[in-house]
Amino acid sequence: MISRNFYMQMVVRIVALALTAMVFSYLFFTKHYFPFALLLLLFVVQSVGMVRYVNHTNRKIAYFFDAIRNEDFTLRFPEKDLIKSFEKLNHSLNRVNELIQEVHLKKQEQEQFYQEILKQTTIGILTFNAKGHILFANPTMERLLNYSPLNHIKQLDQVDKKLYALFAQLKPFDRRLIQLTNERERRQLALKSTALTLNEQDLLLVVAHDIHKELEEKETDSWVRLIRVLTHEIMNTITPITSISGSILNYFKTEKGLVPVDSFGKSHVENTVKGLEVIKKQGTDLMEFVQSYRSLLNVPAPDKSIIKANALLNKVQILMAEEIAKNKLQFTVSCNPVDLEFYGDERQLTQVLVNLSKNALQALRDDANGRIAMVAGSTAQGEKYIELSDNGPGIPVELLDEIFVPFFTTKKEGTGIGLSLSKQIMHLHGGNLEVRSAPFQGTSFVLTF
């Protein structure tokens, strides 16, 4: 504690140092070396004492910062019975201590708040470093991976060897799907990774979401829509058959029994023949419809090989050249980089691109300024794609979820399996077919690999 006589003590110490210096200087020049040595030692002790006395404030500040570093906010400095300058200093230090304590408490509250959010979220969250040490895993992630507590990604090897291999090979911005099965349930996990840096340490943040329920709901919805379309097509085919069959049957049978042969006229025979022709045609259409369904279910596995993207696009352009010229449309292809390659079945991919090109051509049939562009490229994350776009009228929003349903079509001709077959081919390639459309702005179909 610094008292009010601080200045007096400083004056006394300085005077004492000056007198000691004068005396031991006199002794040195008069060659009284023994008393000189004693006074020199006293001078050094006085100097050290004065330095320590002056550094008292510096030590106080040092203690203050040490306490802050150790998160000890109980340190208080006296603000009474001090000279005015030290009273202000201590007051300022105490105020800074209070402010830092307030910030620290708010930080703890926010951290607890975020921790609670992470605990309650239905999405699994996990972070681990380059050595595989898991720094954080919320309860949802532990439940999804069926392991607790999670300390290192090697623990996932006990859950599923494929799961550990997947985490060990994860890179920033990767997206993965994995299915985990145990004696109780089956989970379909969608994983997404992101790079981040915390305390100068590179970490990988992985989020996981169980999409099994969503897939089941989507599958059920797809079946409902498919059954609705199938019912519509089959009923449209069978209804005329039933109606005409009833009419023909009335020619030959009444409530009293069979109609005598000699009562048939020429008109009865002609109407019967016409009715049978309609029945035959409806039956043939139904057979073709069933055959198209069989072709949709029996898509062969892709015979994959390395395909030059530039050559593939040029091939499709050549195949469409006659129809494009007939309709006077602009059809362009581009590839970036020029040496881009795909690994897939060239015949199946050509079939997909030709089908999409024909759809675009039909959408632009009445457009004098119609343009179709086919672009192959690679994203910043290395994902390869082919995009086919047109500047047509676009697809109505209410139909975007329907166009990939088998046999759904808004065209008078066609079976309505082209897009669903194309999407299935892309799934067999491990990729996807997506649509982007806006009314009166155009439509784009994107093949991702």
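These are my notebook entries on a predicted model, covering the chain as a whole, its aromatic pairs, a surface patch and the surroundings of one threonine.

**Entry 1: the whole chain**

I began with the secondary structure, and I found 12 helices and 14 strands in the protein chain. I then looked up burial, and noted that 32% of the 449 residues are buried. For the surface I recorded an exposed area of about 29,000 Å², of which carbon and sulfur atoms supply 58%. Turning to contacts with a separation of 6 or more, I noted that residues 24 or more positions apart account for 57% of them.

**Entry 2: aromatic pairs**

How many aromatic pairs does the count come to? I found two aromatic pairs, and I took each of them in turn.

For Phe128 and Phe167, I read a distance of 6.3 Å between the ring centres and an angle of 50° between the planes, so I entered the pair as tilted. I placed Phe128 in strand β1, residues 124-129, and Phe167 in helix α6, residues 161-169, so this pair ties together parts that lie 39 residues apart in sequence. I checked the accessibility of both rings' residues, and Phe128 and Phe167 are each buried.

For Phe342 and Phe449, I read ring centres 4.5 Å apart and planes at 35°, so this pair also went down as tilted. Phe342 lies in strand β10, residues 341-344, while Phe449 belongs to the segment after β14 (442-448), so the pair ties together parts that are 107 residues apart in sequence.

Are Phe342 and Phe449 buried or partly exposed? I noted Phe342 as buried, because its relative accessible area is 2%, which is under the 20% cut-off. I noted Phe449 as partly exposed, because its relative accessibility is 23%.

**Entry 3: a nonpolar patch**

Which residues form a nonpolar patch on the surface? I listed Val11, Val15, Leu19 and Met22, which together have about 380 Å² of accessible area. I followed up one of them, Val11, and found it in helix α1, which spans residues 6-29. With a relative accessibility of 47%, Val11 counts as partly exposed.

**Entry 4: around Thr443**

I located Thr443 in strand β14, and I entered Thr443 as buried, because its relative accessible area is 5%.

What is Thr443 in contact with, once its neighbours within four places in sequence are left aside? I listed Leu388, Ser389, Asp390, Gly394 and Ile395, and also Val435, Arg436 and Ser437. From this list I looked further at Ser389, which is 54 residues from Thr443 in sequence but 5.5 Å from it in space, C-alpha to C-alpha. I also looked at Ser437, whose side chain is joined to that of Thr443 by a polar contact of 2.9 Å.

Notes:
Residues numbered from 1 in each chain as written. Predicted model: local features only at pLDDT ≥ 70, side-chain atom pairs only at ≥ 80, totals over all residues. Heavy atoms only, no water. Phe/Tyr/Trp six-rings, centres within 6.5 Å; stacked < 30°, edge-to-face > 60°. Helix = DSSP H or I, 4+ residues; strand = E, 2+ residues; numbered from the N terminus. Buried < 20%, exposed > 50% of the residue type's maximum accessible area, 1.4 Å probe, protein only. Patch = residues over 30% accessible without salt bridge, like charges linked within 9 Å, V, L, I, M, F, W, Y side chains within 5 Å. Areas by Shrake-Rupley, 256 points an atom, 1.4 Å probe, with all protein chains shown as cover. Salt bridge = Lys/Arg side-chain N within 4 Å of Asp/Glu carboxyl O. Contact = heavy atoms within 4.5 Å. Polar contact = N/O pair within 3.5 Å; in protein donor to acceptor, adjacent residues only side chain to side chain.
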